[in-house]
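Thanks for sending this one over. Here are my notes, set out point by point so you can follow along in your viewer.

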Amino acid sequence: MTQISEQALQAAIKEYRDPYLGKDLYELGAVKALESSESGEVKLVVELPYPSAGIAGALKQLVAVALENVDGVESADVQVGQKIHSYKVQKDLPSVPGVKNIIAVASGKGGVGKSTTAVNLALALQAEGARVGILDADIYGPSIGMMLGVPEGKRPDTRENKYFVPMPVHGLQANSMAFVVTEKTPMVWRGPMVSGAVLQLLQQTLWDELDYLIVDMPPGTGDIQLTLAQKVPVTGAVIVTTPQDIALLDGKKGIEMFRKVDIPVLGVVENMSVHICSNCGHEEPLFGHGGGERIAEEYDTELLGQLPLHMTIREQTDGGNPSVIAEPDSEVARRYRDIARRVGAQLSTRERNLGGSISSVSVTEH
């Protein structure tokens with residue numbers, strides 16, 4: 001039996017470059033174990049630093065083939081998992097118990113599909129193997145409950161008369177001001193009251209070991225948004241915009257607001273990028289073209305993805321069955337999952353919060 005060269009094994013493993021971080025598995029520190037036996041069997045354990053279930057199978061296959069081409073290797077067993085850490089937040093604010101990372105989904109103006117993006121991003125991160133929660137901080141127009149199909153009037157359980165138990169829905173942990181007030185409750189609140197209510201909802205919810213908590217921020221860049229950005233321990237922000245010039249201007253304001261309070265902007269999602277005709281499938285850029293890419297380039301951030309203006313996205317979300325779970329194999333769901341991997345990958349390049357929660361490990365592919 002030919003002795004297997006460890007150098008040759010490592011060279012084979014290095015042939016694979018991560019599609020989201022542009023590094024090989026050794027540069028990522030993702031190789032956790034590499035063993036070979038005299039009978040030619042090789043075992044490799046890989047842990048990626050972001051939610052990556054959707055690419056685990058391809059990684060396993062590509063690396064296994066590369067290893068099996070090494071002299072002396074009879075078979076290769078590649079195990080692919082992920083390990084999600086807690087990353088630093090602005091001004092070292094105290095973390096929220098049970099939450100490793102908070103991702104704010106924001107827009108400079110309303111009507112760009114921010115909440116739809118937040119819901120589908122949360123579901124996509126979960127589909128990629130993460131433990132995910134969602135908080136509806138859009139207090140004047142809370143819609144997350146409807147989008148997730150939470151029955152009207154359903155209320156979260158409480159503990160000790162002061163803690164909320166997040167609602168389990170589609171595998172997410174969810175909470176919203178809409179769950180704890182009635183439709184008749186007046187929401188004509190001033191900024192400090194709004195900020196206080198959101199912070200209370202965030203801190204008095206018993207989040208259970210979340211890798212990511214998605215916070216659907218109120219639209220705009222005024223005092224409410226700025227106060228929340230200063231007081232909520234946010235790991236990173238995602239800006240949602242459309243290609244329209246006015247939306248792009250407001251998207252820029254959103255990026256500048258987060259930078260002002262030292263919150264990294266992980267990237268831009270361009271919503272309603274093209275209109276797809278439900279009859280013939282013809283694509284047309286109704287609101288302009290390339291706006292999200294221009295913003296990302298101007299502010300040295302990433303264009304996380306472009307989503308079409310399509311009737312099914314609205315219908316599925318309005319019906320409480322968002323695209324990622326309604327049609328998990330569709331092109332729209334694929335785009336959301338790609339965005340989720342990009343968000344997780346961008347976050348994994350940040351400085352770790354060594355005082356945060358213990359990181360979780362999950363094996364996504366054997």
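1. Which residue of β2 does A33 stand opposite? The partner of A33 is V45. Keep in mind as you look that this is a predicted model. The pair belongs to strands β1 (residues 31-36) and β2 (residues 41-48), which are joined in the antiparallel sense over 5 bridges. Together β1 and β2 make a hairpin with 4 residues between them, and G40 in the turn has a positive phi of about 90°.

2. On confidence, the pLDDT averages 84 over the protein, and 84% of the residues score at least 70. Please treat residues 357-363 with some care: the pLDDT there is below 50, although this stretch has 21 contacts in the model beyond near neighbours in sequence.

3. Now to the open sheet, which has 8 strands in the order β8-β9-β5-β10-β4-β11-β12-β15, with mixed pairing. At its edges stand β8 (167-169) and β15 (303-306). Each has a single partner strand, so one side of each is left without a neighbour in the sheet. From one strand to the next, the twist averages 25°.

4. Within that sheet, have a look at β4 (residues 99-106) and β11 (residues 236-241), which pair in the parallel sense over 4 bridges. Here V105 is found opposite V238 of β11. As a general reminder, the strands of a sheet pair through backbone hydrogen bonds, either parallel or antiparallel.

5. Two helices deserve a look alongside the sheet. Helix α3 (residues 114-127) lies across β4, β5 (132-136), β9 (172-176), β10 (210-216), β11 and β12 (265-270), and α3 runs at about 170° to β10. Helix α12 (residues 331-347) lies across β4, β10, β11, β12 and β15, with an angle of about 175° between α12 and β15.

6. Finally, the empty space. The structure holds 1 cavity of 30 Å³ or more, and about 50 Å³ of space lies in the largest cavity. Its lining includes S86, Y87, V89, K100, P233 and N353. By class, the lining residues divide into 6 nonpolar, 4 polar and 1 charged. Among the lining residues are also V99, N101 and I102, and β4 covers residues 99-106.

Terms used. Residues numbered from 1 in each chain as written. Predicted model: local features only at pLDDT ≥ 70, side-chain atom pairs only at ≥ 80, totals over all residues. Heavy atoms only, no water. Pairing = 2+ DSSP bridges. Axes fitted to C-alpha atoms, helices over the stretch in contact; angles between N-to-C directions. Contact = heavy atoms within 4.5 Å. pLDDT = per-residue confidence, 0-100. 1 Å grid on protein atoms, 1.4 Å probe; cavity = no way out; pocket = protein on both sides within 12 Å on 5 of 7 lines; lining within 4 Å. Points joined across faces, edges and corners; volume = space filled by probe spheres on them. Nonpolar A, V, L, I, M, F, W, Y, C, P; charged D, E, K, R; others polar.
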